[in-house]
Amino acid sequence: MTERSNQLKEKIIGLFSCGTIVEQLNLVDTLQHLSVDHHFHEQIDSTLRSTHAGEFNSSSLHHVALRFRILRQQGFWVSPDVFSKFKDEHGAFHVTVTNDPRGLLSLYNAAYLFIHGETELEESISFARRHLESMEGKLDYPLAEQVRRALHLPLPRTLKRVEVLHYMSEYKEEPPHNTSILEFAKLDFNLLQRLHLKELKALSRWWKNLYREVGLNYSRDRVVECYFWAYTAYYEKEYTRARTILAKMMEVIVMTDDTYDVRATLVECRQLNEAIQRWEESAISLLPEYLQKFYLKLMSTFKEFEDVLKPDEKYRVAFSTKAFQILSSNYLQEAEWFHQNHKPRFNDQVKVSGVCSGGPWVCVGLLVGMGDTATKEALEWALGCTDAVRACAEVTRFMNDLASFKRGKNKNDVVSSVECYISEHGVASEVAIAKIGSLIEDAWKTTNQARIELPEMLLPAVQRVANITISMPFMYDDKTDAFTFSSHLEGTIKRLFVSPIEL
């Protein structure tokens with residue numbers, strides 16, 4: 001399989017040296033859709049740089065929108081003015097556009113890469129959605145399926161590895177499709193699946209030993225879900241170390257979260273936080289007996305991460321430890337609010353619960369095991385919890401809160417952002433939910449802006465943070481918390497990690 005895969009890869013590399021700009025863009029789009037673009041990083045980067053620098057005069061809405069989406073996703077600035085040629089002097093789209101379903105779909109997906117202040121792209125989303133909805137039931141396969149999925153969740157917010165499960169069978173029905181690319185994608189998926197399953201097996205063994213050793217039976221067993229979340233940040237072969245470290249970190253975070261939320265008294269919460277802030281073995285004396293083994297295991301697990309890093313990478317663990325200490329302090333603040341029956345102001349709640357979502361901590365943790373792109377500057381940026389990292393926290397927090405508000409609270413749940421907004425502004429739940437929805441959209445704009453505006457050296461870290469943010473609509477789809485109630489994930493987990501694609 002590997003040998004055949006390598007032969008096909010060379011064949012595909014040859015496709016980059018011929019063809020028009022449109023053919024090159026279609027090639028990049030296909031490789032991204034089939035989740036094999038990571039094999040052609042240099043070729044894609046070179047193609048997009050020349051495409052960005054060159055003239056592009058296509059009269060096809062599909063091609064203009066495709067170029068806009070691909071370039072913006074990769075951190076290149078493209079003005080929304082490129083869509084002006086499809087509008088009249090009043091800024092309304094020409095009637096001819098409404099009869100172009102593929103063009104409308106491309107416009108719809110592209111416009112979701114909007115940044116703050118781009119009202120024309122927001123209007124494009126509404127316009128395209130309205131006309132695509134009116135076409136439902138009249139389109140042919142596979143376009144009909146692609147429209148249905150996009151209306152549920154636009155392409156820029158869709159997990160690549162979930163999209164490939166659909167697109168693999170759709171691609172062969174696309175007008176011009178390349179059999180070599182399709183075969184390569186299937187082989188690559190199956191080869192990666194074998195690697196992922198091997199990692200998951202080792203991680204499960206590690207987790208069983210840890211769970212037994214610390215004896216915190218009240219904690220959720222979420223080893224597969226934690227691995228899946230790490231996998232959404234990076235699924236590629238070269239990130240085995242990064243995936244494993246991040247998944248293990250997530251597991252100890254779940255245990256810590258469950259201790260604060262489910263088991264510990266307020267006094268014990270304060271003791272645990274003090275021990276975590278001190279981060280030394282002697283702090284074990286502060287803790288109740290049932291937490292002592294856990295605390296020692298926490299410290300030894302972070303030490304394990306240090307041991308697998310190269311000498312010039314070991315400093316990264318200190319960043320993840322600091323992020324963990326920040327997380328613990330915020331867990332304690334939530335516990336204080338809960339035990340004192342205090343309802344904070346909305347902005348105060350979001351500031352604390354955004355950190356408690358785990359999003360900011362994951363954005364630091366995902367860099368620890370990465371390669372050379374995880375620089376000191378990238379770690380400092382992630383720890384600072386600005387722009388894309390803060391946006392990740394907000395999307396995570398708000399989507400989680402909307403899911404729990406719909407489902408109803410557990411007895412130990414701290415007051416949510418939805419409840420705080422209702423209380424502070426004296427509004428109905430529908431108004432609060434709409435407001436939270438608009439704040440989620442603002443966070444997506446911030447993520448998109450970070451890709452374009454931050455220094456290029458930070459782009460690899462920004463893209464991985466964006467991947468984690470993109471996992472949230474999947475985990476909280478239809479306002480269901482699939483991490484806590486993970487039966488919702490079962491089918492996808494099987495298809496990604498267990499069932500190979502038929503060749």
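A residue is termed buried when its relative accessible area is under 20%. The close-up views below are taken from a predicted model.

**Figure 1. The salt bridge between R102 and E174.** In this view, E174 is buried, its relative accessible area being 9%. The side chain of E174 pairs with R102, with 3.3 Å between the closest N and O atoms. R102 belongs to helix α5 (residues 101–111), while E174 sits in the loop between α8 (160–171) and α9 (179–214), so the bridge ties together parts of the chain that are 72 residues apart in sequence. R102 is partly exposed, at 29% relative accessibility.

**Figure 2. Surroundings of Q146 in helix α7.** Helix α7 spans residues 143–152 and includes Q146. Q146 counts as buried because its relative accessibility is 10%, which falls under the 20% limit. A polar contact of 3.1 Å joins the side chain of Q146 to the side chain of E174. When neighbours within four places in sequence are set aside, the residues in contact with Q146 are R102, L105, Y167, E170 and E174. Both partners of the salt bridge between R102 and E174 thus appear among the contacts of Q146.

**Figure 3. The salt bridge between R220 and D257.** The side chains of R220 and D257 meet at an N to O distance of 3.4 Å. R220 lies in the loop between α9 and α10 (223–233), whereas D257 is part of helix α11 (residues 240–263); the pair links distant parts of the chain, 37 residues apart. D257 is buried, with 16% relative accessible area.

**Figure 4. A salt bridge within helix α17, between K376 and E380.** Helix α17 comprises residues 376–383 and holds both K376 and E380. The two residues are 4 positions apart, about one turn of the helix, and their side chains form a salt bridge of 3.1 Å from N to O. Both partners are partly exposed: K376 has a relative accessible area of 44%, and E380 one of 41%.

**Figure 5. The salt-bridge network of D45, R49 and E456.** Salt bridges link D45, R49 and E456 in a network. The structure as a whole holds 29 salt bridges.

**Figure 6. The region annotated as "domain: Terpene synthase N-terminal".** This annotation comes from an unreviewed UniProt entry and covers residues 2–151. Over residues 2–151, the chain is 60% helix and 0% strand. The end C-alpha atoms of this stretch are 37 Å apart.

Conventions:
Residues numbered from 1 in each chain as written. Predicted model: local features only at pLDDT ≥ 70, side-chain atom pairs only at ≥ 80, totals over all residues. Heavy atoms only, no water. Salt bridge = Lys/Arg side-chain N within 4 Å of Asp/Glu carboxyl O. Buried < 20%, exposed > 50% of the residue type's maximum accessible area, 1.4 Å probe, protein only. UniProt positions renumbered as here; feature names shortened; annotations may be inferred. Polar contact = N/O pair within 3.5 Å; in protein donor to acceptor, adjacent residues only side chain to side chain. Contact = heavy atoms within 4.5 Å.
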